[in-house]
Amino acid sequence: MWSHLLQIVSMVLGSLYPGYASFKAIKNKDMKEYMRWMHYWTVYAFFSALEMLMDLFVYWLPLYYEGKLLFIILMLLPQTQFAEYIFHAFLHPTLLQHEDTIDATMAKAVDAARGHTRELSISMLMRVKSQAMGIIMQMLQAVQRVEQQATGSVVTTDVRTSDRLLRSDGAVIEETTTTVHRTEEGPPDSPRVLRSRTSTGTPGSQRKTYTGK
């Protein structure tokens, strides 16, 4: 219970109050306060990342939550200038030394994320198209039943579509094939009508065969 109370106090003091104070600094265009809270948020961001690991492994240490609250209070007090000290003594030299490596890694991560996002978007569109074809098939089946009841003829439908999604390197990401057969048979005293369509070959070059009777 005590640890949960300390976590709530830490969240209020570490996030809500600095957030409002930053708003005031931006509103009043106070550059001194603006720089102060920029230092605070930079230190707090790295502290939060480290805190996630500490909460998993060293939460059992005595006065652990009290120590985190004390750290936040020290960063908040303008008299201590604790956040500015940590930034200039530790964060600024470390980030400046590894800045090029960090920028290159982030650029690669962004490019990879864009590629995966594009593939995911295309895959979702293909699934939507497949579901739409399923709805169309159900509508055609409903029309067939109406025609059967009205004319007494046997009516089925055949539509075949095949979509293949390729990556830039030529690898197949997803292939969707939908088939519906259409056969029309007239009254007993009329000739039987049968039409079928078959498509074979690669997506770029297909061979189509039509038969009729």
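**Entry 1: around Ile72.** I looked up Ile72 and, leaving aside its neighbours within four places in sequence, found it in contact (heavy atoms within 4.5 Å) with Ser10, Leu13, Gly14, Tyr40, Tyr44 and Phe47. I note that this is a predicted model, in which local features need pLDDT of at least 70 and side-chain atom pairs count only at pLDDT 80 or more, while totals for chains, interfaces and linings use all residues. Residues are numbered from 1 along each chain as its sequence is written, and side-chain values use heavy atoms, with hydrogens and water left out.

**Entry 2: the core.** I then turned to the largest nonpolar core, meaning a set of buried (under 20% relative accessible area, 1.4 Å probe, protein chains only) Ala, Val, Leu, Ile, Met, Phe, Trp, Tyr and Cys residues joined through side-chain atoms within 4.5 Å. It has 14 residues, and Trp37, Tyr40, Val43, Tyr44, Ile72, Met75 and Leu76 touch the most other members. At least two residues of this core come from each of α1 (2–28), α2 (31–57), α3 (64–76) and α4 (82–97), where helices are DSSP runs of H or I, at least four residues, numbered from the N terminus. The largest share, 5 residues, is supplied by α2.

**Entry 3: helix α2.** I listed the buried residues of α2 as Arg36, Trp37, His39, Tyr40, Val43, Tyr44, Phe47 and Glu51, and saw that they pack against α1, α3 and α4. At the N-terminal end of α2, Asp30 acts as a cap, with a side-chain oxygen 3.2 Å from the backbone nitrogen of Lys32.

Definitions and conventions: Buried < 20%, exposed > 50% of the residue type's maximum accessible area, 1.4 Å probe, protein only. Polar contact = N/O pair within 3.5 Å; in protein donor to acceptor, adjacent residues only side chain to side chain.
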